[in-house]
Amino acid sequence: MSKIDPQLFTVHEHALEKEFELCPVCGSELSVKHSKHGSFVGCNNYPTCDYTRPLVQHESIETQVISGSECPQCGHELAVKSGRFGIFIGCTHYPECTHIEKHDHTNQAEQIVCPQCAKGHLESRTSRYGKTFFACSAYPKCKFIVNYPPYNEACPDCGFGILVERKGAAGSRVECPQKSCKYKRAL
């Protein structure tokens, strides 16, 4: 280990920085570039040529039509598709028909009624940053949201329709999501 070549760690050029490929647009060399969104391969002749491509090619699934299925909105077939939040089932006539199948992991018996509007139920959603939250299914009419898993029990202190389950250093506990109420109980 004492005989490490210091040229491998210079700032000017690194062994992995060269792609040794030619740009398909202008014929100049390609190299690995870095941005705030991650690394990519770009042309060295940048201001003149703006060719780029991802450094890692992600496998994208091809749209697979589900035979025998029918869209409830337009009657066309449904297909398995890949999107920003993963794999989902949607209509094959996408821009005209925006139907998407939601698969609930919870049973109908486990669904918790929204404490604010009492019309929808709370369902798990994922934000664009990957965080899980629980929102009313009647959105946009009802904008109720909680960041912790709901617990189907009314608060004994203030009477609010649900409690939320929180995990901490002392273990799991349920508490009232209302800021004005301080009810907490260990599970």
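Two residues are in contact when heavy atoms of theirs lie within 4.5 Å. The exercises below use a predicted model.

**Exercise 1. The chain as a whole**

Task: Find what share of the contacts with a separation of 6 or more comes from residues 24 or more positions apart, and state how many helices and strands the chain has.

Solution.
- Step 1. Take the contacts in the chain with a separation of 6 or more; residues 24 or more positions apart account for 16% of them.
- Step 2. Count the elements: there are zero helices and 16 strands.
- Step 3. Turn to burial: of the 187 residues in the chain, 24% are buried.
- Step 4. Look at the surface: the chain exposes about 14,400 Å², and carbon and sulfur atoms supply 53% of that area.

**Exercise 2. The sheet that holds strand 11**

Task: Determine the order of the strands in the open sheet that contains strands 9, 10, 11 and 12, and name its edge strands.

Solution.
- Step 1. The order is 9-10-11-12, with antiparallel pairing.
- Step 2. Strand 9 (112-113) and strand 12 each pair on one side only, which makes them the edge strands.
- Step 3. Strand 10 (residues 121-126) pairs with strand 11 over five bridges, in the antiparallel sense. In one of these pairings, leucine 122 has cysteine 136 as its bridge partner.
- Step 4. Strands 10 and 11 form a hairpin with five residues between them. Glycine 130, in the turn, has a positive phi of about 90°.
- Step 5. On to strand 12 (residues 145-146): two bridges join strand 11 to strand 12, and the two run antiparallel. Phenylalanine 134 stands opposite valine 146, and alanine 135 is paired with isoleucine 145.
- Step 6. Check the cover of strand 11 (residues 132-136): four of its five residues are buried, so the strand is mostly covered, where buried means under 20% relative accessible area.

**Exercise 3. A second open sheet**

Task: Explain why one side of strand 13 and one side of strand 16 are left without a neighbour in the sheet.

Solution.
- Step 1. Strands 13, 14, 15 and 16 form an open sheet in the order 13-14-15-16, and the pairing is antiparallel.
- Step 2. Strand 13 (150-151) and strand 16 (184-186) stand at the edges with a single partner strand each, so each has one side without a neighbour in the sheet.
- Step 3. The partner of strand 13 is strand 14 (residues 163-168); two bridges join these antiparallel strands. Proline 150 stands opposite valine 164 in strand 14.

**Exercise 4. Nonpolar cores**

Task: Name the residues that touch the most other members of the largest nonpolar core.

Solution.
- Step 1. This core has 17 residues, and Phe144, Cys155, Ile162 and Cys176 touch the most other members.
- Step 2. Strand 11 and strand 14 each supply at least two residues of this core.
- Step 3. Another core, of five residues, lies apart from it; Cys23, Leu30, Val41 and Cys43 are among its members.
- Step 4. Return to isoleucine 162. Neighbours within four places in sequence aside, isoleucine 162 is in contact with residues including Ile112, Leu122, Phe144, Val146, Pro150 and Tyr151.

**Exercise 5. Serine 31**

Task: Decide whether serine 31 is buried or exposed.

Solution.
- Step 1. Serine 31 is placed in strand 2 (residues 29-35).
- Step 2. The relative accessibility of serine 31 is 9%, and the cut-off for buried is under 20%. Serine 31 therefore counts as buried.
- Step 3. The side chain of serine 31 makes a polar contact of 2.6 Å with the side chain of asparagine 44.

Key
Residues numbered from 1 in each chain as written. Predicted model: local features only at pLDDT ≥ 70, side-chain atom pairs only at ≥ 80, totals over all residues. Heavy atoms only, no water. Buried < 20%, exposed > 50% of the residue type's maximum accessible area, 1.4 Å probe, protein only. Areas by Shrake-Rupley, 256 points an atom, 1.4 Å probe, with all protein chains shown as cover. Pairing = 2+ DSSP bridges. Polar contact = N/O pair within 3.5 Å; in protein donor to acceptor, adjacent residues only side chain to side chain. Core = buried A, V, L, I, M, F, W, Y, C linked by side-chain atoms within 4.5 Å.
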